[in-house]
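Please keep the sequence and the model side by side while reading, and follow the paragraphs below in order. They go from the chain as a whole to its sheet, then to its helices, and end with a few single residues.

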Amino acid sequence: MTTLNSLGSAGILPAVFRSVIAAALVIVSASFPLAQTKAQDAPQQAQSSFGTPAPVSLTLKRAIELALQNSKDIQVAKLQTTLADRSAYITKSQFLPNVYAGSGAGYTFGIPETPGGRAPALFSLTYTEQVINEPLRGQGKELQEQARSQRILLEDARSTVISRTAAAYLELVMVRHSLDLLNKEQGSADKILEVTQQREKENLELPVEVTRSQLTKALITQRVLQLEGRQDELEVFLRNQCGLQQETPIEVTPEDLPGEAEQEGANLVAMAMQNNAAIQADISDVRAKQFRLTGEKRGYYPTLELVSTYSLLAKFNNYAEFFQKFERNNFNAGINVQVPIFSAQTRANIALAEVNLRIAEANLANKKQEINAAVRQKTRHLRERDAAKEVARLELQLAQQDVAVLQSQLDEGKVNLREVERARVTENEKWMAYLDANFQRQQAQLDLLQAAGQLDKVWQ
């Protein structure tokens, strides 16, 4: 502004031009603090944008969907399924056209021949295709059935991921609710300790009561630390299962499992026989062994293979000296038939296949008995958990009613604050017992649904 005044007083700038420059300077000076403010605010916005990740709100269904998408166990099971399919195709490929090209050129002295029995050739082309080979076909069907069994195990891996994710989610809900109750319980314990210490100073309480109150507070602190550690473990597990960043906060909501597992035990056993992955895998293994045995028994049948060869021969191998006529281009086509007359190997293969089939059938029978017993046991266990949950609910209701009675008596001056706070501590304990009983029931329901092969269908 000093420069502008000096220029104006000297008469160098016209009056209108001086007014325009003054207005521009006012605008720049007014906008400069705003620019400074924006520059100061920018780092704070960047920090909030690149700091702690935003919380992720998960429902039970969404957590399971993310786990199925990101689970490493499922990815490994898919790779194993692909590996089984590729292994089965190796045997199947022998019944498809196979063409090989190569060369057997080399120096020869005397009769031209190679270690493989074929004549030395500059270029050769070979075609093979199995048409009838029952032992080989039986092996191929066995491998195809094993690949089908691997797909069943993939479904079992999905069921396991669902069960583990749902259990972790439900337990995390219980742990967080319990921590909220313990925080309230800590407040009650502090009030009890304060009243007890005051009454001790007034010689109205023995020191043992103070120690007892301190022990109650210490036990609550210990349980808080234990639950906080369990909460951290469950959060880490869920982040890994759902493919979330390690520092991402997770928000969960109390939920019940969709669907019910309250059916009769006989119905669940029948469903397990049809849908349990372990049983279905053993059934597939029995079929695979039956295919192998059937193929080995047909090893006494003739085998037939289509064959064709083309060879381009060279004169420097001295064919003209040992054969009456030399033909540079040679082509052969036909079939290769083998009729077994006596084959000790076929008999041994049949005996081995029979033993493997008996083992597979025994495993299937044992598995059915195990699943039958497991479903019935898990059904009883679920009913026991139902009863335990009802007991915990009634105990909680009774504790809440005791608090209400003591609160009214406190208002009337019939009891002191310590009695009310002790009742609140008991109420919180019953609350946590009810939450644990509810979670144990949900866990039992998950186990029963998984044993019956219904867990994957619940979230479809």
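Two residues are said to be in contact here when heavy atoms of theirs lie within 4.5 Å. With that meaning in hand, the contacts of this predicted model can be sorted by how far apart the partners are in sequence: among contacts with a separation of 6 or more, 81% are between residues 24 or more positions apart. The chain has 460 residues, of which 34% count as buried, and its accessible surface comes to about 27,300 Å², with 55% of that area belonging to carbon and sulfur atoms. Its secondary structure consists of 12 helices and six strands.

A sheet is a convenient place to begin. Strands of a sheet pair through backbone hydrogen bonds, and the pairing may be parallel or antiparallel. In this chain, an open sheet is built from four strands in the order β2-β3-β5-β6, and the pairing is antiparallel. Strands β2 and β6 (329-338) stand at the edges, where each has a single partner strand, and therefore one side of each is left without a neighbour in the sheet. From one strand to the next, the twist averages 15°.

The pairings can be followed across the sheet from one edge to the other. Strand β2, residues 98-102, is joined to strand β3, residues 123-132, by five bridges, and the two run antiparallel; within this pair, N98 has T128 of β3 as its bridge partner. On the next step, nine bridges join β3 to strand β5, residues 303-312, again in an antiparallel arrangement. Two positions help to locate this pairing in the model: I132 stands opposite L304 in β5, and Y127 has S308 in β5 as its bridge partner. The last step leads from β5 to β6, which run antiparallel and are joined by 10 bridges. Here S308 stands opposite A333 in β6, while Y310 has F331 of β6 as its bridge partner. S308 is thus a useful residue to trace, because it is the bridge partner of Y127 and also stands opposite A333 in β6.

The loop between β2 and β3 holds G106. With a relative accessible area of 29%, G106 is partly exposed, since that class lies between the buried limit of 20% and the exposed limit of 50%. Leaving out residues up to four places away in sequence, G106 touches F316 and N317. The second of these partners, N317, is 211 residues from G106 along the chain, and yet the C-alpha atoms of G106 and N317 are separated by 7.9 Å.

From the sheet, the reader may turn to the helices, beginning with α10, which covers residues 344-411. The axis of α10 and that of helix α11, residues 417-451, come within 8 Å and cross at roughly 165°. That angle makes α10 roughly antiparallel to α11, because angles over 145 degrees are counted in that class. The crossing in which α10 passes α11 is left-handed. Helix α8, residues 277-297, also packs its axis within 9 Å of the axis of α10, and these two cross at roughly 165°. By the angle, therefore, α8 is roughly antiparallel to α10, and α8 passes α10 in a left-handed crossing.

Which residues does L396 contact, once its neighbours within four places in sequence are left aside? L396 has its place in helix α10, and its contacts of this kind are E427, K430, W431 and Y434. The C-alpha atoms of L396 and M432 are separated by 9.1 Å, although the two residues are 36 residues apart along the chain. L396 has a relative accessibility of 6% and so counts as buried, the limit for that class being under 20%.

A residue of another helix can be read in a similar way. T91 has its place in helix α4, which covers residues 72-92. Is T91 buried or exposed? At 9% relative accessibility, T91 counts as buried, because the value falls under 20%. Not counting residues up to four places away in sequence, T91 touches L136, Q139, G140 and L143.

How values were computed
Residues are numbered from 1 along each chain as its sequence is written. This is a predicted model: local features need pLDDT of at least 70, side-chain atom pairs count only at pLDDT 80 or more; totals for chains, interfaces and linings use all residues. Side-chain values use heavy atoms; hydrogens and water are left out. Buried means under 20% relative accessible area, exposed over 50%, partly exposed in between (1.4 Å probe, protein chains only). Accessible areas come from the Shrake-Rupley method with a 1.4 Å probe; for residues, only the protein chains shown count as cover. Axes are lines fitted to C-alpha atoms, for helices over the stretch in contact, and angles run from 0 to 180 degrees between N-to-C directions. Angles under 35 degrees count as roughly parallel, over 145 as roughly antiparallel, 65 to 115 as roughly perpendicular and the rest as oblique. A crossing is left-handed if the near helix is turned anticlockwise from the far one by less than a right angle, and right-handed if clockwise.
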